[in-house]
Amino acid sequence: MEQTIDPTLGPVLARTGDERAVLTSFLDFHRAVLLRKLRGLSDADARRRLVPSATTLAGLVKHLTVVERNWFPTLLAPEPGDVYLTSEEDAVASFTLSDQDTIVGLIEAYERACARSRAVAASIDLDHVVPHPQLGEVSLRWILAHMIEETARHAGHADILRELTDGEAGAL
């Protein structure tokens with residue numbers, strides 16, 4: 001019996017693609033999963049703390065927006081004034097919501113950051129190496145693998161938080 005695979009899933013479509021297609025499709029898949037966890041919620045539900053830490057659905061999206069900016073444009077294609085964030089205070093602040101943060105605004109900011117990340121990554125060879133303030137040197141290949149891990153981990157957190165919020169479960 002032939003198994004049917006949902007062709008809308010980027011990683012499935014890239015299953016015989018080159019390395020870049022596989023890496024970017026998995027990253028884009030996890031980016032989309034994260035955003036699906038926010039859609040349909042009220043701002044109050046997205047801000048609600050459901051675990052002992054300060055982690056919230058809205059805070060996860062805000063954090064990953066900072067992470068996208070940090071790893072792609074700031075590290076790979078910095079502009080004057082860009083500073084790579086490395087401190088524990090920066091990490092905590094990346095999850096911290098302001099009164100002005102809304103689901104709509106957070107989603108738009110994340111989508112813009114991801115689009116910029118895609119553009120930067122597309123313009124650079126996977127073997128391109130840049131200095132990193134804590135790790136020495138990193139390649140774009142390593143950054144993409146790291147961002148898949150980082151985004152997938154937080155998409156998993158979002159999945160649990162969404163289930164605790166309204167019972168909605170599942171990666172898609």
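In this predicted model, a polar atom in the side chain of Thr74 lies 3.0 Å from the backbone oxygen of Arg69. Thr74 belongs to helix H4, one of seven helices that the protein chain has alongside two strands. This briefing starts with Thr74, turns to the chain as a whole, and then considers selected residues in helix H7 and in a loop.

**Thr74 in helix H4**

- Thr74 has a relative accessibility of 15% and counts as buried, because buried means under 20% relative accessible area.
- Apart from residues up to four places away in sequence, Thr74 touches Arg69, Asp82, Val83 and Tyr84.
- Arg69 thus appears in two descriptions of Thr74: as a residue that Thr74 touches, and as the owner of the backbone oxygen 3.0 Å from a polar side-chain atom of Thr74.
- Thr74 and Leu85 are 11 residues apart in sequence, and their C-alpha atoms are 9.1 Å apart in space.

**The chain as a whole**

- The order of elements along the sequence of the protein chain is α-α-α-α-α-α-β-β-α.
- The radius of gyration of the protein chain is 17 Å, close to the 16 Å that the globule rule gives for 172 residues, so the chain is as compact as a globular protein of that length.
- The C-alpha trace of the protein chain spans about 55 × 45 × 25 Å along its principal axes.
- Of the 172 residues in the protein chain, 40% count as buried.
- Among contacts in the protein chain with a separation of 6 or more, 73% are between residues 24 or more positions apart.

**Surface and charge**

- The protein chain has an accessible surface of about 9400 Å², and carbon and sulfur atoms account for 56% of it.
- There are 17 positive and 26 negative side chains in the protein chain, and the centres of these two sets are 3 Å apart.

**Three residues of helix H7**

- Arg162 lies in helix H7, which covers residues 140-166.
- Is Arg162 buried or exposed? Arg162 is buried, because its relative accessible area is 7% and the cut-off for buried is under 20%.
- The side chains of Arg162 and Asp166 make a polar contact of 3.0 Å.
- When neighbours within four places in sequence are left aside, the residues in contact with Arg162 are Arg36, Lys37, Leu38, Arg39, Leu41, Leu57, Gly167 and Glu168.
- His157 also lies in helix H7, and with a relative accessible area of 30% His157 is partly exposed.
- The side chain of His157 is joined to that of His154 by a polar contact of 3.1 Å.
- Although His157 and Leu34 are 123 residues apart along the chain, their C-alpha atoms are separated by 9.1 Å.
- Ala145 is another residue of helix H7, and its relative accessibility of 38% makes it partly exposed.
- From C-alpha to C-alpha, Ala145 and Leu75 are 15 Å apart in space, with their positions 70 residues apart in sequence.

**Thr55 in a loop**

- Thr55 is placed in the loop between helix H3 (43-47) and helix H4 (57-76).
- Which side chain makes a polar contact with the side chain of Thr55? The partner is the side chain of Ser53, at 2.8 Å.
- Not counting residues up to four places away in sequence, Thr55 touches Arg49, Leu60 and Leu161.

Terms used. Residues are numbered from 1 along each chain as its sequence is written. This is a predicted model: local features need pLDDT of at least 70, side-chain atom pairs count only at pLDDT 80 or more; totals for chains, interfaces and linings use all residues. Side-chain values use heavy atoms; hydrogens and water are left out. Helices (H or I, at least four residues) and strands (E, at least two) are DSSP runs, numbered from the N terminus. The radius of gyration is taken over C-alpha atoms; the globule rule is 2.2 Å times the number of residues to the power 0.38. Buried means under 20% relative accessible area, exposed over 50%, partly exposed in between (1.4 Å probe, protein chains only). Contact means heavy atoms within 4.5 Å. Accessible areas come from the Shrake-Rupley method with a 1.4 Å probe; for residues, only the protein chains shown count as cover. Lys and Arg count as positive and Asp and Glu as negative; His and the chain ends are not counted. The place of a charge is taken as NZ of Lys, CZ of Arg, CG of Asp or CD of Glu. A polar contact is a pair of N or O atoms within 3.5 Å; within protein, one must be able to donate a hydrogen and the other to accept it, and residues adjacent in sequence count only if both atoms are side-chain atoms.
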